[in-house]
Amino acid sequence: MDEFDIVDNLILNGGLEFAGKDSETGETLYKPTQRLKEIDSKLSNDLSIYFSEVTLKLWEKGFLDMDVTNEDPLVKLGPRSFDALSIKSLPKDERVVMEEIVKAFLNKN
């Protein structure tokens with residue numbers, strides 16, 4: 001089974017859902033669902049760790065504001081998150097996560 005079969009299987013079984021398109025490449029993006037924990041708990045945990053690591057990098061660079069001493073910190077948009085050129089200059093993994101965080105904040109309001 002190749003990586004595309006794995007992704008297709010996770011989508012069909014409700015472990016991943018469509019999240020949008022990469023603003024630069026047009027590549028389809030998916031996000032994990034709660035069901036992913038039941039389907040593949042290791043992958044779910046790995047994705048959670050990855051997201052936490054990228055979020056910390058974005059905080060270090062001033063894109064996010066949070067108290068990292070809290071176990072479950074409240075995340076806010078930092079000053080650089082309002083600068084489209086700064087976001088565009090991020091490495092792809094950080095840019096995609098930052099764009100998704102901004103979308104989540106915009107959809108909340």
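Two strands pair if DSSP finds at least two bridges between them. In this predicted model, β1 and β2 are joined by five bridges. The two strands run antiparallel. Leucine 16 stands opposite proline 32 in β2. β1 and β2 form a hairpin with six residues between the strands. In this hairpin, glycine 26 takes a positive phi near 80°.

Both strands also help to line the largest pocket. β1 (16-21) and β2 (28-32) each supply at least two residues of its lining. So do the helices α1 (3-12), α2 (36-39), α3 (41-60) and α5 (92-108). The pocket has a volume of about 1,800 Å³. Its lining holds 47 residues. Nearest the centre lie Tyr30, Lys31, Pro32, Phe51 and Val97. α5 gives the most to this lining, with eleven residues. By class, the lining of the largest pocket has 26 nonpolar, nine polar and twelve charged residues.

The largest nonpolar core has ten residues in all. They are Val54, Leu58, Phe63, Leu64, Ile87, Leu90, Val97, Met98, Ile101 and Val102. α3 and α5 are the elements that give two or more residues to this core. The largest share, four residues, comes from α5.

Val97 appears in both settings. Valine 97 belongs to the largest nonpolar core, and Val97 is also among the lining residues nearest the centre of the largest pocket. Leaving aside neighbours within four places in sequence, valine 97 is in contact with Phe51, Val54 and Leu58. Of these partners, Val54 and Leu58 belong to the core, while Phe51 is listed among the residues nearest the pocket centre.

Definitions and conventions: Residues numbered from 1 in each chain as written. Predicted model: local features only at pLDDT ≥ 70, side-chain atom pairs only at ≥ 80, totals over all residues. Heavy atoms only, no water. 1 Å grid on protein atoms, 1.4 Å probe; cavity = no way out; pocket = protein on both sides within 12 Å on 5 of 7 lines; lining within 4 Å. Points joined across faces, edges and corners; volume = space filled by probe spheres on them. Nonpolar A, V, L, I, M, F, W, Y, C, P; charged D, E, K, R; others polar. Core = buried A, V, L, I, M, F, W, Y, C linked by side-chain atoms within 4.5 Å. Buried < 20%, exposed > 50% of the residue type's maximum accessible area, 1.4 Å probe, protein only. Contact = heavy atoms within 4.5 Å.
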